[in-house]
Amino acid sequence: MDANAPASAPVSGFVAPAMKAPEPPPVSARGPVAWVRAHLLGSPLQILLTLFGLWVVWLAVPPLIRFFLIDAVYTGDNRNACLPDVVGRPVGACWPFIAAKWNQIVYGFYPEAERWRVNVVYALAVILLVPLLLQKVPYKRLNALLFFGVFPVVAFVLLTGGHLSLNSFILSWIGLGGVFTAIGKAVGLPSGFWPDYVVSALLVSAIVGAVAPLLAGSRRSAFRATLVVFAVLGVVLAAVNINFGLEWVETRQWGGMMVTLVIAVTGIIASLPLGILLALGRRSKMPLMHIASTLFIEFWRGVPLVTVLFFATYMLPLFLPGRFTIDGLLRALVGVALFASAYMAEVVRGGLQAIPKGQYEGAMALGLPGTLMMRLVVLPQALKLVIPGIVNTFIALFKDTTLVLIVSIFDLLGVLRAAFTDPSWATPTTLYTGFGFAGLFYFIFCFGMSRYSLALEKRLDRNHRH
C-alpha cells in the first residue's frame, strides 16, 4: 500500500491504494454531556418529558424563590412590617412572624422557666442518635441501649417532671387496695403500690406459665420471661417515680415541634419491634398465635388513624373504671404505635417470605434452635430486604402525626394555626409563611430519612446481592 497515493485513487483488488481519513473520536460515555444525552435527550419521548419538566420547574421555582427570599421581610416587630402598603412594595414571606412565635413553635405552651428541660432532651437525642447513625463510631450496642432503653425514661422524667406518685396496680382495681396499703405502711412504704405490683407480677407470671403448654410453650420459660418483663417494667416505674424536685408539667402544656417529635419518635421506636413480633406471630404454626396476630393486624389496618385517635381520646375514658384516667397524649401515643406496628408487621412479613427455604434448612443443619435461627440468620436478611418499606412506613408515620390536631393535641401545625389568630401578626402572607415553614420542617426530616435509607442500602450492599 502506497501511503503517498491520493485518497481518490481507485481500489485495486482487496487493498486500498491509500490511507483512509481518521474517524472522529467516539463520544465519551462519561461526563455531564453523556449523562444529559443518556437521561434527558436519549429519545424523542425523553426530550418531550425533559421540556415538560423544565416548564414545570420554571412555573414553580422562581415564584417560590421570589416569595420566600427576594420579596420576603426579615425584620419587624408587628404586622406593619409585612404590610405592602406600609413597606411600599410587594411583600413575600413574613419571617418576623416565625421569629416572634419561635418559642411557641418549639416548646408549645411549656412553662418558660422549665424550657431548659426540653433543650436537654433535644441535646441528648442528638448526642445519642448521631453516633448511632454513623457506621464508624464504635460501641453501637451500648449506644443503642442508651438511646432505646435509657433515653426514653430520662426524657419522660425531664419533660413531665417525674414523681408519678404511684398508688395502685392491678389487684387494687378489684377492691384489694386497702390490704396492700396496709402492707405498704407496715413495711415503711408511702402506698400499697409495690406490694400490689409484686403480687400481681407473680400471679400474672403463674397464669402465663400455666397457659404456656396449651400454646406449645415451656411452662418454666414462660414464667421466667414474664417475670423478666415485670422486672424491667418495675425498674422503669421506680425511675419515673423518684422525686427529683422537678415541677410537674402537664402534657396539655406541650406543643409544637416537641409534640411532633415525641409522637413520631415514640411511634417509630415502638412500631418496629412490635411489627417484627406480629409478623413472626402471623407466620407462626401455632394456631392461637397465628389467629391472634392476624386479627390484630387486620383490625388496625381496617380502621383509619383518625378513628383510632378519636376512640383513644373521647371513647376510651368511658370504658375505664371509676376515676381511673390515662393522659390524653399517652392515649394518642399508644394508638399511633399500635396502628403503625400493624403496617410494619406486613412489611416485615414480606421480607420473611422472600427468604429462600434453603436459609432455614441451612440454619437447622447447623443445629440452631428456632430463636437463634430467626435472630442470626433469617431476620437480618429479611430486614435488609425491606429497608425501603420500613423507611417508607416511618416517613408516613412522621407525616401522619399532624392528625393529632383533630383531637386537640397541638403539634407543630396546631401551634401554627393558633398563632395565625394573633391579630398583631394578621397579614395577607402570614398564613403562607407559616405553612411554608411547616413544609420545610417536614421535608428536612422526611428527606433526611429517605437519604439515610439509601446510604444504608448501599452500605449493606443490597444492590449487588443478585
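Leaving aside its neighbours within four places in sequence, which residues is Thr251 in contact with? The legends below start there, and the model they describe is a predicted one.

**View 1. Thr251, a buried residue in a loop.** Thr251 sits in the loop that runs between α10 (219–240) and α11 (257–282). Once the neighbours within four places in sequence are set aside, the contacts of Thr251 are with Asp327 and Leu329. Is Thr251 buried or exposed? Its relative accessible area is 18%, and because the buried class covers anything under 20%, Thr251 counts as buried.

**View 2. α11 packed against α14.** Here helix α14 (residues 328–353) meets α11, with 5 Å between the two axes and an angle of about 45°. That angle makes α11 oblique to α14. As for handedness, the crossing of α11 past α14 is right-handed. What sort of residues make up this contact? By class there are 19 nonpolar ones, along with five polar and three charged.

**View 3. α12 across α14.** Staying with α14, the partner is now helix α12 (residues 287–301), and the axes lie 9 Å apart at an angle of about 115°. The range 65 to 115 degrees is the one for roughly perpendicular, and α12 and α14 are therefore put in that class. Their crossing is left-handed. On the α12 side, the contact is made by Phe296, Ile297, Trp300 and Arg301. On the α14 side, the residues are Gly335, Leu338, Phe339, Ser341, Ala342, Tyr343, Ala345 and Glu346. Sorted by class, the contact of α12 with α14 comes to eight nonpolar, two polar and two charged residues.

**View 4. α8 and α9.** Helix α8 (residues 177–186) packs with helix α9 (residues 193–211) at an angle of about 115°, and the axes are 7 Å apart. Which residues make the contact? From α8 they are Phe180, Ile183 and Gly184, and from α9 they are Pro195, Asp196 and Val199. That contact of α8 with α9 splits into four nonpolar, one polar and one charged.

**View 5. Tyr139, with a positive phi.** Tyr139 is not a glycine, yet its phi is positive, at about 60°. Look for Tyr139 in the loop between α6 (115–133) and α7 (140–160). With a relative accessibility of 67%, Tyr139 counts as exposed.

**View 6. Ser408, with a positive phi.** Ser408 is a residue other than glycine, and its phi is near 65°, a positive value. Where is Ser408? Its place is the loop between α17 (387–400) and α18 (412–420). At 54% relative accessibility, Ser408 is classed as exposed, because the exposed class begins over 50%.

**View 7. Zooming out to the whole protein, 19 helices and zero strands.** After the close-ups, here is the full fold: 19 helices and zero strands. The radius of gyration is 31 Å, whereas the globule rule gives 23 Å for 466 residues, so the protein is more spread out than a compact globule. The C-alpha trace spans about 120 × 80 × 40 Å along the principal axes. Of the 466 residues, 35% are buried. Among contacts with a separation of 6 or more, 68% come from residues 24 or more positions apart.

Notes: Residues numbered from 1 in each chain as written. Predicted model: local features only at pLDDT ≥ 70, side-chain atom pairs only at ≥ 80, totals over all residues. Heavy atoms only, no water. Helix = DSSP H or I, 4+ residues; strand = E, 2+ residues; numbered from the N terminus. Buried < 20%, exposed > 50% of the residue type's maximum accessible area, 1.4 Å probe, protein only. Contact = heavy atoms within 4.5 Å. Axes fitted to C-alpha atoms, helices over the stretch in contact; angles between N-to-C directions. Parallel < 35°, antiparallel > 145°, perpendicular 65-115°, else oblique. Left-handed = near helix turned anticlockwise from the far one by under 90°. Nonpolar A, V, L, I, M, F, W, Y, C, P; charged D, E, K, R; others polar. Rg over C-alpha atoms; globule rule 2.2 N^0.38 Å.
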